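User: I am new to this structure and would like the labels explained. Please show it, and then I will ask what each label rests on.

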Amino acid sequence: MTIMGDCIRDEHCVFCKILAGEIPAAKVYEDEETLAFLDIAPFNYGHTLVIPKRHCHGLSDMPGESRDRLFAAAALIAPVVLRVTGATGFNLLLNNGQAAGQEVPHAHLHIIPRFVDDKVLLNAPQKQYGDGEMAALQEKIQQRLAARQAAEN
Ligand code: AMP
């Protein structure tokens with residue numbers, strides 16, 4: 001890790017290399033906290049990635065301000081991508097961790113423009129909860145969240 005201006009950088013990270021100008025990218029937006037550029041292998045044309053300038057792996061290690069700016073930038077960019085591509089919808093996707101399909105370990109939001117019947121994302125079969133399973137999970141999540149919020153205050 002090195003400090004690059006205000007940004008913490010990982011030398012082996014492809015997105016940090018884009019941020020440093022060491023490899024090219026089709027940039028579409030930049031502010032103090034975020035950069036957005038076209039995905040090199042798009043699901044649909046106009047597929048855009050929005051990244052925090054600080055290297056972090058995912059949502060849990062992303063500073064709050066970077067996270068807020070990341071989502072604000074995505075909200076700004078997505079309607080413009082729709083307008084330019086003629087798409088009628090979009091998916092906002094964050095693959096968080098290897099199990100979720102994250103390949104580049106620098107947090108990023110995908111803006112994927114969508115067209116009716118474009119067959120871009122596979123629809124996995126959805127599961128059903130057994131007796132009491134949903135309520136048990138609900139309680140555990142609520143309790144953990146409450147404990148976390150209490151610790152933060
Ligand atoms: P993920 O699976 O969520 O980590 O997605 C990483 C995305 O980064 C993939 O969709 C890649 O196509 C994209 N990607 C990887 N390298 C580059 C690059 N040099 N320029 C633009 N997009 C890239």
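Analyst: What follows takes the labels in turn and sets each value against its cut-off; the model is predicted.

User: What makes up the chain, and in what order do the elements come?

Analyst: The chain has 3 helices and 7 strands. Read from the N terminus, the elements run β-β-α-β-β-β-α-β-β-α. The C-alpha atoms fill a box of roughly 55 × 45 × 25 Å along the principal axes. The chain exposes about 10400 Å², and carbon and sulfur atoms supply 54% of that area.

User: How many of the residues count as buried?

Analyst: Of the 153 residues, 33% count as buried. The label is given when the relative accessible area is under 20%.

User: Why are Phe15 and Phe37 called an aromatic pair, and what kind of pair is it?

Analyst: The structure holds 1 aromatic pair. The ring centres of Phe15 and Phe37 are 5.4 Å apart, and the cut-off for a pair is 6.5 Å, so the two rings qualify. The planes stand at 75°; an angle over 60 degrees counts as edge-to-face, so that is the name used. Both residues are buried.

User: What does the pair of Phe15 and Phe37 tie together?

Analyst: Phe15 lies in helix 1 (residues 14-19) and Phe37 in strand 4 (residues 34-38), so the pair ties together parts that are 22 residues apart in sequence.

User: What makes Lys53 and Glu30 a salt bridge?

Analyst: The N to O distance between the side chains of Lys53 and Glu30 is 2.8 Å. A salt bridge requires a distance within 4 Å, so the pair meets the definition. The two residues belong to distant parts of the chain: Lys53 is in the loop between strand 5 (48-52) and helix 2 (64-85), Glu30 is in strand 3 (residues 27-30), and they are 23 residues apart. A search of the whole structure finds 6 salt bridges.

User: Is Lys53 buried or exposed?

Analyst: Lys53 has a relative accessible area of 13%. Buried means under 20%, so Lys53 is buried.

User: How do you know that Arg69 and Glu32 form a salt bridge, and where do they lie?

Analyst: The closest N and O atoms of Arg69 and Glu32 are 3.2 Å apart, and the cut-off is 4 Å, so the pair counts as a salt bridge. Arg69 is in helix 2, while Glu32 is in the loop between strand 3 and strand 4, 37 residues apart.

User: Why do Arg69 and Glu32 carry the labels they do for accessibility?

Analyst: Arg69 has 25% relative accessibility. Partly exposed covers the range between the 20% and 50% cut-offs, so Arg69 counts as partly exposed. Glu32 has 60% relative accessibility; exposed means over 50%, so Glu32 counts as exposed. Glu32 and Arg69 also belong to one network with Asp31, joined by salt bridges that share partners.

User: What makes Arg114 and Asp118 a salt bridge, and why is Arg114 called buried?

Analyst: The closest N and O atoms of Arg114 and Asp118 are 2.8 Å apart, and a salt bridge needs them within 4 Å, so the name applies. Arg114 has a relative accessible area of 19%, and the cut-off for buried is under 20%, so Arg114 is buried.

User: How do you know that Ser66 is buried, and which residues is it in contact with?

Analyst: Ser66, in helix 2, has 1% relative accessibility; that is under 20%, so Ser66 counts as buried. Leaving aside neighbours within four places in sequence, Ser66 is in contact with Glu33, Pro52 and Arg54.

User: What is notable about phi of Asp117 and Lys119?

Analyst: Most residues other than glycine have a negative phi. Phi of Asp117 is near 65°, a positive value, and phi of Lys119 is near 55°, also positive. Asp117 is in the loop between strand 7 (109-114) and helix 3 (133-152), and Lys119 is found in the loop between strand 7 and helix 3.

User: Why are Asp117 and Lys119 called exposed?

Analyst: Asp117 has a relative accessible area of 66%, and Lys119 has 71%. Exposed means over 50%, so both residues earn the label.

Conventions:
Residues are numbered from 1 along each chain as its sequence is written. This is a predicted model: local features need pLDDT of at least 70, side-chain atom pairs count only at pLDDT 80 or more; totals for chains, interfaces and linings use all residues. Side-chain values use heavy atoms; hydrogens and water are left out. Rings of Phe, Tyr and Trp (its six-membered ring) pair if their centres lie within 6.5 Å; planes under 30 degrees apart count as stacked, over 60 as edge-to-face and the rest as tilted. Helices (H or I, at least four residues) and strands (E, at least two) are DSSP runs, numbered from the N terminus. Buried means under 20% relative accessible area, exposed over 50%, partly exposed in between (1.4 Å probe, protein chains only). Accessible areas come from the Shrake-Rupley method with a 1.4 Å probe; for residues, only the protein chains shown count as cover. Contact means heavy atoms within 4.5 Å.
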